[in-house]
Amino acid sequence: MEPMNKANNQVLLPSDQVVEVVQQNLLEWYGENKRDLPWRENKNPYRIWVSEIMLQQTRVDTVIPYYERFLSRFPTIESLAAAADEDVIKAWEGLGYYSRARNLHSAVKEVVAEYGGKVPDKVAQISKLKGVGPYTTGAILSIAYDKKVPAVDGNVMRVFSRLFTIEDDISQQSTRKKMERIAEKLIPESSPGDFNQALMELGAMVCTPQSPKCLFCPVQSVCKAYQQGRESELPRKKKATSPKSVDVIFVWIVSENKVLIEKRPEQGLLAHMWSLPTIEQAKKENYLEVFNEFCDTKNIQLTNLIIRGNLDHIFSHIHWKITLVQADLKKSVSLPDEWEWIALNQLHTRAFPNVYRKALQQLVSI
DNA sequence: AAGACGTGGGT
DNA sequence: TACCCAAGTCT
C-alpha cells in the first residue's frame, strides 16, 4: 500500500447532482430501514443528549439496557441535576469511560442553573458544555432541534471516505474538519436530523468497516470507491499502538465479614471509582519488596500473604497483568483516608469498574 | 498532536 | 492470542 500521504488539502465538494441523489436515496432508505431504538421515541433534547454521550465509542447493543435504566432513574434533566454523584456513577457502572458520566452530570447542572433546564440550541452555548465536542454538538442540534449542523462521527467519515474516495487518514483531526465541510453541503434543509442519522445508520448497517454490503447500498450508484472496487481499502487509518503491559496487584483484605476497599484518585484511570487496594507499580518480580514499599507508603502492615490467582484485563491503552493477593491487616493506628471497611453483602452498593468486578467474582463468586 | 480514557464483541 | 473496532472528548 502507498504511504500515508497528506492527501489533497483541497476539499472537493460533491456536485449538485450527487448531493440530490444522496439526499433522496439515503432519506428514503432510512425511512424504511432505521432501527427501532429507545432514543428515537421522541426528540426530547435531554434524552438525545444522554444517548449521544453513552454511544461515544460504545456499541448500540451495549448502550440500550444502560440507557433504559438511566432514563427511568433520571427521567428529566432536573432529576439528573439534583442527583448525588455516587448515584450517577453507579448508574454508569460497567459502561466505561467514566468521565463521560461526570461531565454529563456537571453539564446538566449547568444547563439547569444557567438555562433554566432548557438544553441550548446554539452551537456556541452547547459546545461549551463539558463532554460535548464537535460531534455531539451537531448530533444534539440536528436531531433534537432540526438544525443544519454536521455530526461527523466515525461512521460518517467511513461513508464519506468511500463515497468520495477521500484518502486522508481519518484518525487525524484535520480530516474531520474536511468531512464537516462536505456534510454542510450534503445536509438537506428539510430534515437535517434524519439525514445525519441516516448517514450514521448507513455506516453501522451497510457501509461497515469489514465486508461492506455494497449490493444493498442505497447510494451505490454514486459511490466512487465502489465504482473503483476500492471499498475495502478505505478509509485509511493509522494503526493503533498496542496496550502497554503493566503488572499490578489487587489486595484482598477480609476481616469479620468485611472487606477493605479503596477510593481511586480523582485523576487518571478509573478516577473516583471504588476498587480493591491496588499496587500499580508492581513491575518487579519480588512481590515482598513491592509490598514492603506499599506498606511504608500507606503506613500499615500486611501479613500472611497468599496469592489467590491471576487475571488479565486489557484497557484501550494498558494491559493489566493482575495478581490477586490475600493479606491480613495488622491492627494499625489509622487507615489511609482512601480506604474503607465495607460488609461483603454491601459491595453491590458501590460503583466498581468492571476489572474489579471480575476480580471480586473470582475471589468470592458474587 | 498524540495519548489517555473502558469495555465487550467479532474475526 | 492478537488485533480491530464502536454514534469521541479532553489534555
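Student: Which helix gives the most to the lining of the largest cavity?

Tutor: Helix α9 (residues 154-163) does, with three residues. A helix here is a DSSP run of H or I of at least four residues, and a strand is a run of E of at least two, numbered from the N terminus. The model is predicted, so local features need pLDDT of at least 70 and side-chain atom pairs pLDDT 80 or more, while totals for chains, interfaces and linings use all residues. Residues are numbered from 1 along each chain, chains are lettered from A, and side-chain values use heavy atoms, without hydrogens and water.

Student: What makes R162 a residue that lines the largest cavity?

Tutor: On a 1 Å grid over the protein atoms alone, a cavity is a set of points where a 1.4 Å probe fits but cannot get out, and lining residues have an atom within 4 Å of a point. R162 is one of 15 residues that line the largest cavity, and is among those nearest its centre.

Student: Why is the approach of T58 to DNA strand B called a polar contact?

Tutor: A polar contact is a pair of N or O atoms within 3.5 Å. A polar side-chain atom of T58 lies 3.0 Å from a base nitrogen of DNA strand B, so the pair qualifies. For H313, the partner is a phosphate oxygen of DNA strand B, at 3.2 Å.

Student: How do you know that Y98 is near DNA strand B?

Tutor: A residue is near a strand if one of its heavy atoms lies within 4 Å of it. Y98 is among the 21 residues around DNA strand B, and is one of those that come nearest.

Notes:
1 Å grid on protein atoms, 1.4 Å probe; cavity = no way out; pocket = protein on both sides within 12 Å on 5 of 7 lines; lining within 4 Å. Polar contact = N/O pair within 3.5 Å; in protein donor to acceptor, adjacent residues only side chain to side chain.
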